[in-house]
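Biologist: I'd like to learn how to read a structure with several chains. Could you walk me through one, feature by feature?

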Amino acid sequence: MPGASRDGTIDGAEEDPPHTLLPFLQSQSQNTLTRLYQRPSACLSMFRLLPPLDRQLVMNLLWLESAVPAGTMGAWVTRQGRKLYDEALLNLSRLHILPNPSVKLSLNGMFKTSLRQAVTGGGNNGSFGTAALKDDKHPPVSIEVLDTYAVERWETILHYMVSSGTGQLPTKPSPGVLFLLQRSGLMSTVHGSALQITSAGFQFLLHSPHDQLWQLLLQYLHMAEEREMDLVEILSFLFMLSTMELGKEYSIESLSVTQKAMLEDLRDYGLIWQRRTQSRRFSPTRLATTLTSLLPPLPTATSSGAGSQDQGFIVLETNYRLYAYTDNPLQTAVLNLFVSLKYRFPNLVVGSITRESVRKALANGITADQIISYLSTHAHPQMRKNKPLIPVTVQDQVRLWELERNRLKSEEGYLYTAFASQADYEYVLNYAKQLNVVLWENPAKRCFFGNLEGHGNIRGFIERRTGGQA
Amino acid sequence: MDQPSHISVILDLSPSQWHLSSLPQNPYPLSLKSFLAQVLAFLNLHIASKHENTLAIFGAFPGKSVMLYSSTDPASDSSDSGSPNIYRPFEIVDSRVVTRIEEELESIDDSQEEAPIGLVGALTKALCYINRIKHPTPSTQSNGTTVEDPATLPDPRILILSVSPDLSTSYIPIMNSIFSAQKLKIIIDVCKIYGPDTVFLEQAAHLTGGSYVYLERRDALLQHLVMSHLPSPALRKLMAVPTQDKIDFRAACFCHKNIVDVGFVCSVCLSIFCRPVAVCTTCRTKFPMSTLRRLDAYLPRAAKQANGTAKTSAPPTPTATGLPSTPR
Amino acid sequence: MPPRQADDYADESDSDIDILEDSGNRSKKGKGKAIDRSKKDKGKGKSSEQPYAWEASYTRSWDTVQEDEAGSLTTAVADLLARNRRRRLLAPADAIRRTIIRHLIIILDLSLSMLDRDMRPTRFDLSLEYAREFIVEWFDQNPLGQIGLVGMRAGLGERLSEMSGNPQDVLKAISERHRLEPAGEPSLQNAIEMARGSMGHLPTHSSREILIIFGSLTTVDPGNILETLERCVQDRIRVSVVALAAEMKVCREFCDKTGGQFGVAMNEGHFKDLLFELIPPPAQRALSRAAGAGANKPDADLMMMGFPVRLPDTSPPALCVCHSELKSEGFLCPRCSAKVCDVPTDCDICGLMIVSSPHLARSYHHLFPVKPYQAVTTLEEGSAFAKSCHACARSFPDAPLASSTATAEGMSPIGRYRCPDCQHDFCTECDVFIHDVVHCCPGCGK
């Protein structure tokens, strides 16, 4: 699935697909978006989610009072960038940031005012969160505590998913999370039994934490309407969180009712931390503050050593052996999805990629590409010296194992048989071959198989022929 | 393509030049205060573009250069609660830069005010700083907790906002800095806000592949900065940025530090002189009399030129001005 | 090959040459006989103590790196840094005279012996590859120099490219491998005469150099090669030889008499080192010594040069004086306003030498080096010490390093190095960076 919707390649470098949130936002009504744009923090976070060229266009137009003729801006675009530029304009207009870009370019007034306010500071809508007053009894919680909290919450969710099929009973996340997992199709119940992970869930596990987080939040947004929550409030709260500072406490006084209601959910996901459920203050965790960034949202994991999360921990050899320097049960469990693990040491897991282990993963709905991309994103720094990163033998073999499962290709069609004579058979077969619809033929048995599209024609042909004879 | 990037901004903060710039008889007077406001908005936009974008700000003051802010510095003053109306990192940058500039400007006394501007120092510091963030050596001592940036090394650029004229004594150091920037693949962007075009900075931008903008409409500073200096190198392939229309490859002579367009060059050490000399002052090579006599034929013109160039910049040769400068 | 420092390289390579000397004689004896290729190979193989590479004792490169008690390599790394520093301190601080305008002819051996595989993949391919790197680097450091190429093939000298100041031109000449396919025997005399002929007209203040990459152990000459040597000495041409096989007396003599360098490459890395040693501009005195009793022409001159203005790509097109082509971009001669396509060049109209000043400026750091910084050993005097490096703002360690490893000469135990002029402190990394790359002190700005 290379290059989702924007496959602009510059110097052979694949461009990153747009952020998962953008299509969702594009599907919202203009009214919703305009209300969202009233908040400077929301504009700032939106701005960050945009692809680079879109960002530059917004910046170019941000400080202009009057509209720019489309041609004037277009003159700056190089021939190479033409395609991307057109896409960027389209993208911006779908987000209602740039209304009718075909004639004159001018930013949505509300967006412009708010983003300007965000950049220069000022206004008094408090969209970046009101810091809580100093509490002498309880000093603000340290960043380490927040990190452990976030990691603990997040890994609980993932761990629950991984081990749901294995019969172990890890700690259950809160009902809200379970509901969300079920709704998003990552887990499902079969005949009222316990929740089981689905193939989408297995795929989910191999994504980067950042993608996982957004996938869940997106589902949360989708559910907002049925729960009769205001989408704008939710979005702007998420965006506000993403602009907050890690390790500071914020007051919930300025939050709306909806947003206060969200606190509980977000606490379950590990996005925010509160001392007590009824506390008047909250602190965003690293998961929240990095929502709009590329930094690994999960901080240096529970392991004592230097963060294995962002550094990569997997060494894969050409002989399919895999060494994972990790003591994190979650990572081990995820590896267990497609690696047959052999030994486990305090900080090292050794296993090998075998046909059986990969087939197990494939059966779970994980694709070969996902396995390979998981291996390459989590490759140990030592392995990054190799070029290509993942040994070619292993890559090819994993792909071949995937192809192995697809040896049969089904196609619907019709079997034509019981021809009166060989001549009849050949006459019809010739016609069918001209139409290029024959999938299989067997002259000995005087039958052939044609696909679905050709059927009408062939039937008509036979009828005309038999009709003519009669 | 969507990589984080780093900008080191060098602010030319010569009090006298800024005073001249703010005089109302200029076509578009620009005071230091409004300049800073616009630059800060520009810097905020850079940080806003990406969470991982980094920033370092250097100030060039008369006779010294100071690092005003860098993203890698630990935020020491996290005591104040912060306003709910502004993104916290913006607030930190803005307040830090403004207070540091005020401090530094106040500490300059009258005697220092006329000292040459510390542009070279600021430029070399920016290079050293970029060198440091490009090669995050976990400092040799084993306290080990220094969380260096992850493997994604930011795409470094230097932006010089200049108001002072060329300082011919700094020719060699500036050239050396340019060459090291070339080696490190750092782009140097130049925005000339006030005063005549500077030959050296033009060359800097040209040799490193940056853009050089001579700001005519100084009320539109922010727009210029955003359009021509904010795009990352990858983005510049898609959206063009203005480049200079004409590059002056003149050099400064070693003897009088004049900027010359025809010079006399020692064959041994390549020192440039504005008039024929008998002995090279750099390498003490004696030049043959015959050459001197031959070159003396040009002397009247050369000498005239040398006198004419005693000021800060050479009078443009007829060819330089005779050409229509193309619109950017 | 264990990682070695350049400073202990000098004596090492000397010893190699000593070893190689007798082997060179040995192969010379064999020269009278019919040349048999296997024999020649052995000449090279026997040049070192062991007859064959695979019989040599296995060098364990990791043994040369010492771990300290804690099993860390920091000591070894610090030691390397210290050696670098010392070398810099030893280097003469004052401006020495170097020949900066250089003319070099590279003579490539294209004889059959270049097909030997003792260097991977073959001597020929390796030489071409290194020659390319050499040319790029050489032009980087000698922006005003010119390079020409001559090949030795089938007993003839072959001109591969004319003298040119444009690296692309020179590189193009050796880009097509199939045109250079080795054949026959080499002829030193023919090639050197050809090179000498193309350098006769050059001005006296510039250097004339020949670099021979020689893989063969024989030369097929039409006349007495020693006469050629005489003429080279007269013309003050400096001949350097990098031999791939073994030392030949005549090559050694060429180098000694003309003031060039001679070396025999032991392996691929050494080959590259030998080549790249020839890149920095040679000091001037070597030249005058080499000149000996030769011509009393002046070895320096004052040249008049013009610094042009570069026209942008968008300027109205005009005819250039060099090719009479209509184009927008170009450089304007400052004296006569003629438009030329490329610099450095001589103006076709008024004859003024046009160079762009960055070309000149590239070599200035040779002339005005940054003074070496002094290692700060103690913090006791005074209290007002900067908390962080003056250049990169990295904070200094508060206490001296716990391990007593950094006491090496020239190293600061507290990681501070001070500029003698501006008295600012710099960290280790910046110290190296400033002296090796920037060539400009951030404190004093010069």
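Biologist: Let's begin with two helices in chain B: is the crossing of H5(B) and H6(B) left-handed or right-handed?

Modeller: Before anything else, keep in mind that this is a predicted model. The crossing of H5(B) and H6(B) is left-handed.

Biologist: And what angle do H5(B) and H6(B) pack at?

Modeller: About 20 degrees, and their axes are 10 Å apart. Angles under 35 degrees count as roughly parallel, so H5(B) and H6(B) are roughly parallel to each other.

Biologist: Which residues of H5(B) and H6(B) meet there?

Modeller: From H5(B) you get Val120(B), Leu123(B), Thr124(B), Leu127(B), Ile130(B), Asn131(B) and Lys134(B). Facing them in H6(B) are Pro173(B), Ile174(B), Ser177(B), Ser180(B), Ala181(B) and Leu184(B). By class, the contact of H5(B) with H6(B) has eight nonpolar residues, four polar ones and one charged.

Biologist: Now a pair in chain A. At what angle do the axes of H12(A) and H13(A) cross?

Modeller: Look for residues 231–242 and 257–269 of chain A, which are helix H12 and helix H13. Their axes come within 9 Å and cross at roughly 60 degrees. That angle is why H12(A) and H13(A) are called oblique to each other. The crossing of H12(A) and H13(A) is right-handed. On the H12(A) side, Glu233(A), Ile234(A) and Phe237(A) make the contact, and on the H13(A) side it's Thr258(A), Gln259(A) and Met262(A). Sort the residues of this contact by class and you find three nonpolar, two polar and one charged.

Biologist: Let's turn to where chains touch. How many residues does the contact take from chain A and from chain B?

Modeller: To read a contact like this, ask who takes part, then which elements they sit in, then what class they belong to. Here chain A gives 43 residues and chain B gives 31 residues. On the side of chain A that touches chain B, the elements giving two or more residues are helices H3 (40–49), H4 (52–62), H6 (82–94) and H7 (109–120) of chain A. H4(A) gives the most to that side, with six residues. The same side has 19 nonpolar, 18 polar and six charged residues.

Biologist: How many residues does the contact take from chain B and chain C?

Modeller: That one takes 60 residues from chain B and 56 residues from chain C. Several elements of chain B each supply at least two residues of its side, among them strand E3 (64–70), helix H5 (119–134), helix H6 (171–184) and strand E7 (247–248). You've already met H5(B), and H5(B) gives the most to the side of chain B that touches chain C, with nine residues. In that side there are 30 nonpolar, 22 polar and eight charged residues.

Biologist: In which sense do E7(B) and E8(C) pair?

Modeller: When you look at paired strands, check which way each one runs. E7(B) and strand E8 of chain C, residues 309–311, pair in the antiparallel sense over two bridges. For a landmark, find Ile247(B), which stands opposite Arg310(C) in E8(C).

Biologist: What is the order of the strands in the sheet with E7(B)?

Modeller: It's an open sheet of four strands in the order E7(B)-E8(C)-E11(C)-E12(C), with antiparallel pairing. Its edge strands are E7 of chain B and strand E12 (339–340) of chain C, each pairing on one side only.

Biologist: What does UniProt list for residues 333–350 of chain C?

Modeller: An unreviewed UniProt entry lists that stretch as "zinc finger region: C4-type". In the model, residues 333–350 of chain C are 0% helix and 22% strand, with the end C-alpha atoms 9 Å apart.

Biologist: One more sheet: what order do the six strands of the chain C sheet have?

Modeller: This open sheet reads E3-E2-E1-E4-E5-E6 (chain C), and its pairing is mixed. The edge strands are E3 (156–164) and E6 (262–264) of chain C. From one strand to the next, the twist averages 15 degrees. Try tracing one pair: strand E5 of chain C, residues 237–243, pairs with E6(C) in the parallel sense over three bridges. There, Ala243(C) has Val264(C) in E6(C) as its bridge partner.

Technical notes: Residues are numbered from 1 along each chain as its sequence is written. Chains are lettered from A and ligands numbered from 1 in the order in which they are written. This is a predicted model: local features need pLDDT of at least 70, side-chain atom pairs count only at pLDDT 80 or more; totals for chains, interfaces and linings use all residues. Two residues are in contact if their C-beta atoms, placed from the backbone, lie within 7 Å. Ala, Val, Leu, Ile, Met, Phe, Trp, Tyr, Cys and Pro count as nonpolar, Asp, Glu, Lys and Arg as charged, and the others, Gly among them, as polar. Two strands pair if DSSP finds at least two bridges between them. Axes are lines fitted to C-alpha atoms, for helices over the stretch in contact, and angles run from 0 to 180 degrees between N-to-C directions. Angles under 35 degrees count as roughly parallel, over 145 as roughly antiparallel, 65 to 115 as roughly perpendicular and the rest as oblique. A crossing is left-handed if the near helix is turned anticlockwise from the far one by less than a right angle, and right-handed if clockwise. UniProt positions are given in the numbering used here, feature names are shortened, and annotations may be inferred rather than shown by experiment.
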